[in-house]
Amino acid sequence: MRGGDGACVLVRMAAMRLNFACVLAASCLLQAAPAETVPELSVATHARIIKTVPPQDKGYWEEIPWETDLLAAAKRAHREKMMLFIWASSGHPLGCT
Amino acid sequence: MAVDGWYQQRSKEPNARFFMSICTQLPGIDPDGSIQGQYIIAPSGKLVHGWNGRDAGTLRRELAAALAKQRGGRVDLAAPVPALEGTDPQYARAVPAGASVVDVFARVTQGKYSREPDKYQKLQRVAVGRDRLWILADEKNALASGTVTKALAKRIARFHLIDNTRGEPPIWSASEVKHVTLSAQADGAGAFWLQGKAHLETADRKRGFVAALRGRAEFDGDELVRFDLAARGAHWGHGPFTRGAPDGRFEVSIATRLADQKSASSRVPPQGARALQDYLRPR
């Protein structure tokens, strides 16, 4: 019977090792796979997003011929005897937010 | 004239030094703090009027007041523009040679809010975020043969899958990219469908975006003539300057299209290009 008990212990140990290996494998999979996912975009959804997310019309601010070189703009204002309006923000006004 | 104050405060090139000499004439401006605002100047750089506000009525009043000053002969338009010289390559941000500029637009397309909006939040809730994506010459060459480079996929994920609809957004750090794939499949000569997925998330899990991507890229010979990439997914959280997001998870949709390469806005560097090397060769 002792021999049988020994065999049981060996089987239990083998089972424990197998469990341990399974736990290790599972944790590796969890680390490698993305935690979250979303459904793929269909061709129709792609077309809808491309059509509807960009503004449909130009804003009034886009009709202004903005300068982006301050000294060049100041020189032009000097030549044309005009004042200069500057719009400054953190993140460029012509395209951050 | 439109400028990004971030560069003006750091660069030593002539335009930045000229701008800092202008904005510091406004009482109370801290040159190391926020220099956002509207400035009306004489060509010499002398400040005529300056303020910081988003109100259209104030803008009209300030413009009218400055014009009245000019008509009254109280603005010296003849004083010369200062002669400033030098360069500062550290903050130069020209479009890289051979690169294509792509417009990027973002919208919150679904979301619930528990708070009543003020008049600016009302606008923000339907606002479009704008930025530009640079696709480098070698990345276009790879794409023309059906390969999306890792650099392009990571640049799109880290710097352009962002909710920039309410202000200056935080970009994703390299460690916040949990997963990103973007691959191309040929669909006729010079045409490709792009498909991918991205999972971006901060370590504290307070901000994240899980999105699916699909795009269409087309070439005319070697020239990229179409880059329509769409992304849609669940976003949560906000950055320090993008407060007022919908509650919990909300849907953000992003669309790109090739920019008018000659427009003024196409010369404006991408927001993410402040960290230029990271933007060009993202980890």
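## Where two helices meet

In this predicted model, L70(A), L71(A) and A74(A) of helix 3 of chain A are in contact with P14(B), N15(B), F18(B), F19(B) and I22(B) of helix 2 of chain B. Sorted by class, the residues in this contact between helix 3 of chain A and helix 2 of chain B are 7 nonpolar and 1 polar, with no charged residues.

Two packed helices are described by the angle between their axes and by the distance between those axes. Here, helix 3 of chain A covers residues 70–79 and helix 2 of chain B covers residues 14–23, and their axes come within 8 Å and cross at roughly 65 degrees. Angles of 65 to 115 degrees count as roughly perpendicular, and helix 3 of chain A and helix 2 of chain B are therefore roughly perpendicular to each other.

## The interface as a whole

Taking the two chains together, 75 residues of chain B are in contact with 49 residues of chain A, and the chains bury about 5,400 Å² between them, with 64% of that area on carbon and sulfur atoms. Within chain B, the residues that lose the most area to chain A are M1(B), A2(B) and R130(B), which together account for 16% of what that side buries.

## Polar and charged links

Between chain B and chain A there are 25 residue pairs in polar contact, both residues being at pLDDT 80 or more, and there is 1 salt bridge. The salt bridge joins E62(A) to R130(B), whose closest N and O atoms are 3.5 Å apart. By class, the side of chain B that touches chain A has 43 nonpolar, 16 polar and 16 charged residues.

Technical notes:
Residues are numbered from 1 along each chain as its sequence is written. Chains are lettered from A and ligands numbered from 1 in the order in which they are written. This is a predicted model: local features need pLDDT of at least 70, side-chain atom pairs count only at pLDDT 80 or more; totals for chains, interfaces and linings use all residues. Side-chain values use heavy atoms; hydrogens and water are left out. Axes are lines fitted to C-alpha atoms, for helices over the stretch in contact, and angles run from 0 to 180 degrees between N-to-C directions. Helices (H or I, at least four residues) and strands (E, at least two) are DSSP runs, numbered from the N terminus. Angles under 35 degrees count as roughly parallel, over 145 as roughly antiparallel, 65 to 115 as roughly perpendicular and the rest as oblique. Contact means heavy atoms within 4.5 Å. Ala, Val, Leu, Ile, Met, Phe, Trp, Tyr, Cys and Pro count as nonpolar, Asp, Glu, Lys and Arg as charged, and the others, Gly among them, as polar. Buried area is the accessible area (1.4 Å probe) that two parts lose on being put together, summed over both. A salt bridge is a side-chain nitrogen of Lys or Arg within 4 Å of a carboxyl oxygen of Asp or Glu. A polar contact is a pair of N or O atoms within 3.5 Å; within protein, one must be able to donate a hydrogen and the other to accept it, and residues adjacent in sequence count only if both atoms are side-chain atoms.
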